[in-house]
Every structure is written in structure tokens, then in C-alpha cells.
Amino acid sequence: MAEAVGQAMASQGAVCVFGDPGRGKTAAVRMALHEVPPGWKVTWVPVPVRPSVAGMRRAVFDALGLAGRFPHTSALADAAVTGALGEARVLVVDEAQRLPVPCLEYLQSLWDHPGTRVTLVLCGAGSERALSGLPQLASRVVAWQEVPRLTGAEVATVVTGFHPLWRTVPAADLTWIDRSCAHGTFRTWAALTAHLQNALLTIADASIDRALLRRLFQLVAPSL
């Protein structure tokens, strides 16, 4: 993910991050953008509940943290936004699969503006299908980055990098957790991490053993 985003930043292009729900797309993007080259800033733009061009314009304005009230005309709002995008910036749009073509066209217009320096990261389950409706934007994607289910060989590296708690757990137990509960789904690992932190803080003399982990399995996957 870091390599894909780095390539896009170098060419001022776009990245499409896709894959089934729960695979860790958002987390991977956040980790890849944790440290960016000097001079770059990262802005996360939320997708409005009912996506429209007006809503996206407001979402970008607010995400950039621009001073003053939101302008009363679209021309003034666009001038403020493009002015702020004159400095190198990564715009990350999560849940991009929810954007209709007009909203994608608006994002492309910000990218195409001669005064902006924008790298666009579109992330979401089905975002690659949303882009198929706008070939002009799809053609500028320099990296189509799929986030698959974690393989057994990847689990230990990924989860110990995600949170230090897992570094105290033997590799054999990490494999057991994945086979018994997580099944390569990053979202399940993230939920287990939160429950494990809470258990260690609230249960007297709690230790990370299989008995405790089995209890946590029931919190994230009650059918187990």
C-alpha cells in the first residue's frame, strides 16, 4: 500500500483501494500515510450521507479546515478549495463506492485544476466499480490496489505491526486465533484487539491465554 501511494504521489496520480468489506483497506491506507514526504499533507474527506456535488464541495471545504464560513456560492467555495490545494496534498476519500459520477467528476475537477497539487486515494469495497462509470478518471489511476484476506503466513507480521499487544502472543497462538475466529479478516483482528485491551484493563490478573481469547471470540463472533 505504501508503495502504491508513493507512486501516485510521485506522479500526482490516483490510487484505487478496493477489496471485500473488513479486509483492512482503511487501516492499510492510514498506516501507509502515517509518514509522508516533507511538504505533503494528508486530508481525509468523508462521503456525505446522500452524496451530491454540493455535499462533496462542503465536505472537502470542511475537511481542509478552511477559515471562515462556507461561501454562499459554489464559485467562491471552489476558489477557496483550489487555493488550499495549491500545496501538495493527498486527498483520501473513504467509502468512495458510494459516490455517483457527478461527485467523482467534481473530485477530478479539483485534481485537473492547473493550480492544484493533488494525489487522490479512493478507498472502499466496490470503489473500482464506481470508477468504471467515469473512464476519464479511471484512466489516471496509477495503482489499483486490492486488499485481500490475510494469508496464514501474513497474520503474525500484520497483527504484531498493527498493535504491540500481539507481540507478546506466541506465533502458534496467533495462527490458532486466525484459524479459530478471524479467518484472515482484518476487521475481526481489530475488534479482538479492542476487546483484549479492555479485558486487560478491567479483569483482575487477566493474562493473554486461550481461555481469555475464547471468551473474546464470543464477543466478535457469537456463533463460534
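1. Let me start with a residue on the border: Q145 comes out as partly exposed, because its relative accessibility is 25% and buried means under 20%. Keep in mind that this is a predicted model. Q145 sits in strand β5. Setting aside residues within four places in sequence, Q145 is in contact with M1, A4, V15, C16, V17 and F18. One of these pairs is worth a look in your viewer: Q145 and C16 are 129 residues apart in sequence, yet their C-alpha atoms are 6.0 Å apart in space.

2. Now for the sheet that Q145's strand belongs to. Five strands make an open sheet in the order β2-β3-β4-β1-β5, and the pairing is parallel. At the edges are β2 (41-45) and β5 (141-146), each of which pairs on one side only. On average, neighbouring strands of this sheet are turned by 15° against each other, direction ignored.

3. Here is the register, if you want to check it. Strands β2 and β3 (residues 89-94) pair in the parallel sense over five bridges. V45 has V93 as its bridge partner in β3, and V42 has V90. Over on the β4 side, β3 pairs in the parallel sense over six bridges, with L91 bridged to L120 of β4.

4. Two helices pack on this sheet. Helix α1 (residues 2-11) touches β1 (14-18), β3, β4 (118-123) and β5, and its direction makes about 170° with that of β5. Helix α5 (residues 101-112) touches β1, β3 and β4, with about 155° between its direction and that of β4.

5. How well covered is β3? Six of its six residues are buried. In a regular strand the side chains alternate between the two faces of the sheet. Here R89, L91 and V93 lie on one side and V90, V92 and D94 on the other, and both sets are buried. Note that R89 and D94 are among those buried residues, so both count as under 20% relative accessible area.

6. Next, helix α3 (residues 53-63). Its buried residues are G55, M56, R57, A59, V60 and F61. An α-helix has 3.6 residues a turn, so residues three or four places apart point the same way. What do the buried residues of α3 pack against? Their partners are β2, α4 (74-84) and α5. That ties α3 to an edge strand of the sheet, β2, and to α5, a helix that itself packs on the sheet. After α3 comes G65, with a positive phi near 65°.

7. Further along the chain, T193 has its place in helix α10. Is T193 buried or exposed? T193 is buried, because its relative accessible area is 3%. Leaving out residues up to four places away in sequence, T193 touches F162, H163, L165 and W166.

8. A206 makes a useful contrast with T193. A206 lies in the loop between α10 (186-202) and α11 (210-220). Its relative accessibility of 27% is why A206 counts as partly exposed. Not counting residues up to four places away in sequence, A206 touches A199 and L200. Both contacts fall within the residue range of α10, 186-202.

9. Where is A206 relative to A8? The two are 198 residues apart in sequence and 45 Å apart in space, C-alpha to C-alpha. A8 falls within the residue range of α1, 2-11.

10. Finally, some whole-chain numbers. The protein has eleven helices and five strands, and its C-alpha atoms fill a box of roughly 60 × 35 × 35 Å along the principal axes. Of the 224 residues, 44% count as buried. Among contacts with a separation of 6 or more, 71% come from residues 24 or more positions apart. The Q145 and C16 pair, 129 residues apart in sequence, is an example of such a separation.

11. On the surface side, the protein exposes about 11200 Å², and carbon and sulfur atoms supply 54% of that area. For the charges, there are 20 positive and 17 negative, and the mean positions of the two sets are 4 Å apart.

Note on methods: Residues are numbered from 1 along each chain as its sequence is written. This is a predicted model: local features need pLDDT of at least 70, side-chain atom pairs count only at pLDDT 80 or more; totals for chains, interfaces and linings use all residues. Side-chain values use heavy atoms; hydrogens and water are left out. Two strands pair if DSSP finds at least two bridges between them. Helices (H or I, at least four residues) and strands (E, at least two) are DSSP runs, numbered from the N terminus. Axes are lines fitted to C-alpha atoms, for helices over the stretch in contact, and angles run from 0 to 180 degrees between N-to-C directions. Contact means heavy atoms within 4.5 Å. Buried means under 20% relative accessible area, exposed over 50%, partly exposed in between (1.4 Å probe, protein chains only). Accessible areas come from the Shrake-Rupley method with a 1.4 Å probe; for residues, only the protein chains shown count as cover. Lys and Arg count as positive and Asp and Glu as negative; His and the chain ends are not counted. The place of a charge is taken as NZ of Lys, CZ of Arg, CG of Asp or CD of Glu.
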